[in-house]
Amino acid sequence: LLGLVFSIALIGVAIYIGQSNANFYNIPSIMIVILGTISVTTTSYSISEIIMTWKIISKTLFRRVQSPSRLARELLDMVVLAKKNGILALSGADSQFKKDPFLQRAAQIVTDGYTPEDLERMMSQEIDMLADRHHRAAGILKRAAEIAPAMGLIGTLVGLVQMLADLDNPSAIGPAMAVALLTTFYGAIMGTVVISPLAGKLENNSNDEVTIKNLIVTAMMGIAKQENPRRVEMLLNSELPPAERIRYFD
């Protein structure tokens, strides 16, 4: 979010420093680019997919950042607790479960006595569905990033046609040229500065979230199988990038 604000502010500062009387605000250009991009993108996808994408975008901008290494240590605390006191001891970790509904569901499956295979099948299916939703949302954003500059080009053509049609009226040439140039300007900003980075951010966040959920499944599988906590630590480290790996028992 800070990067997005800084990028737009940088363009605004560059315009201000230019010390020009040019007006960079044009309602027809904004309508062609923003409303045109939204309408064309909506034509390509269903309404439910568009609504889903908006929800995912809001979560992408304001999501709670979770440290994989910290989560791995908390999960190992649960593994050690369950190894010492039994699986039902997980019911005492309510404070941690409230932070993560996915972890709460996985722990509930374990304490209900389901087999490790059932746990892996159900939670892996949920992870796959989550990754698929994020992949589709990123695809919609990438499509919108392609449409925005194209709508800017369409607005440029509209402005040029208006300008050529009123060559005998000098007062109409300026506004027509403003529409022609500003739509390209708005389209480039919307596609390159706003939408495309959001798509990349969504993909990165999706990968991070899948990693987090895989850590939870690995730990809960270890609890369900009553495995040695040191082996669970090794399995968790295999899911983590080298810089995030932990040494819990040292």
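Asn237 touches Arg245 and Ile246, leaving aside residues up to four places away in sequence. Asn237 itself belongs to helix H9 and is buried, with a relative accessible area of 13%. This contact belongs to a predicted model, and the report below describes its confidence, its helices, its nonpolar cores and its salt bridges.

## Confidence

The protein chain has a mean pLDDT of 85, and 96% of its residues reach 70 or more. Within the chain, helix H9, where Asn237 is found, has the highest confidence, at a mean of 91. The lowest value, a mean of 65, falls in helix H5, residues 94-99.

## Helix H8 and the loop that follows

Helix H8 runs over residues 170-224 and contains 55 residues. From its first C-alpha to its last it reaches 80 Å, close to the 81 Å expected at 1.5 Å a residue. The helix nevertheless has a kink of about 30° at Ile195, shortly before the proline Pro197.

Another proline, Pro175, is also found in H8. At 48% relative accessibility, Pro175 counts as partly exposed, because the range for that class extends from 20% to 50%. Pro175 and Met163 are 12 residues apart in sequence, and their C-alpha atoms are 8.3 Å apart in space.

What backbone feature appears just after H8? Gln226 takes a positive phi of about 55° there, although Gln226 is not a glycine. The residue sits in the loop between H8 and H9 and is partly exposed, at 33% relative accessibility.

## Nonpolar cores

The largest nonpolar core has 30 residues, of which Leu75, Leu119, Ile216, Met220 and Ile223 touch the most other members. Several helices contribute to this core: H4 (68-85), H6 (101-111), H7, H8 and H9 (229-239) each supply at least two residues. Helix H8 provides the largest share, 9 residues.

The surroundings of Leu75 illustrate the packing in this core. When residues up to four places away in sequence are not counted, Leu75 touches Leu103, Leu215, Ile216, Ala219 and Met220. Apart from this core lies another, of 17 residues, which includes Val33, Ala137, Ala144 and Ala145.

## Salt bridges

How many salt bridges does the structure hold? There are 9 in the structure, and the table lists some of them with the distance between the closest N and O atoms.

| Residue | Partner | N to O distance |
|---|---|---|
| Glu49 | Arg136 | 3.8 Å |
| Arg121 | Asp118 | 2.7 Å |
| Glu227 | Arg231 | 2.9 Å |

The pair of Glu49 and Arg136 is a salt bridge with its closest N and O atoms 3.8 Å apart. Glu49 lies in helix H3 (residues 47-61) and Arg136 in helix H7 (residues 116-165), so this pair ties together parts that are 87 residues apart in sequence. Arg136 is partly exposed, at 35% relative accessibility. The two residues also belong to a network of salt bridges that links Glu49, Asp132 and Arg136.

The bridge between Arg121 and Asp118 has a more local setting: both residues lie in helix H7, 3 residues apart, about one turn of the helix.

For the salt bridge of Glu227 with Arg231, are the partners buried or partly exposed? Glu227 is buried, with a relative accessible area of 17%, whereas Arg231 is partly exposed, at 41%. Glu227 counts as buried because its 17% falls under the 20% limit for that class.

## A residue in helix H1

Ala14 lies in helix H1, which covers residues 2-17. With 51% relative accessibility, Ala14 counts as exposed, because that class begins over 50%. Ala14 and Asn214 are 200 residues apart along the chain, and a distance of 45 Å separates their C-alpha atoms.

Definitions and conventions:
Residues numbered from 1 in each chain as written. Predicted model: local features only at pLDDT ≥ 70, side-chain atom pairs only at ≥ 80, totals over all residues. Heavy atoms only, no water. Salt bridge = Lys/Arg side-chain N within 4 Å of Asp/Glu carboxyl O. Helix = DSSP H or I, 4+ residues; strand = E, 2+ residues; numbered from the N terminus. Buried < 20%, exposed > 50% of the residue type's maximum accessible area, 1.4 Å probe, protein only. Expected span 1.5 Å × (residues − 1). Bend = angle between axes of the 7 residues up to and from the residue. Core = buried A, V, L, I, M, F, W, Y, C linked by side-chain atoms within 4.5 Å. Contact = heavy atoms within 4.5 Å. pLDDT = per-residue confidence, 0-100.
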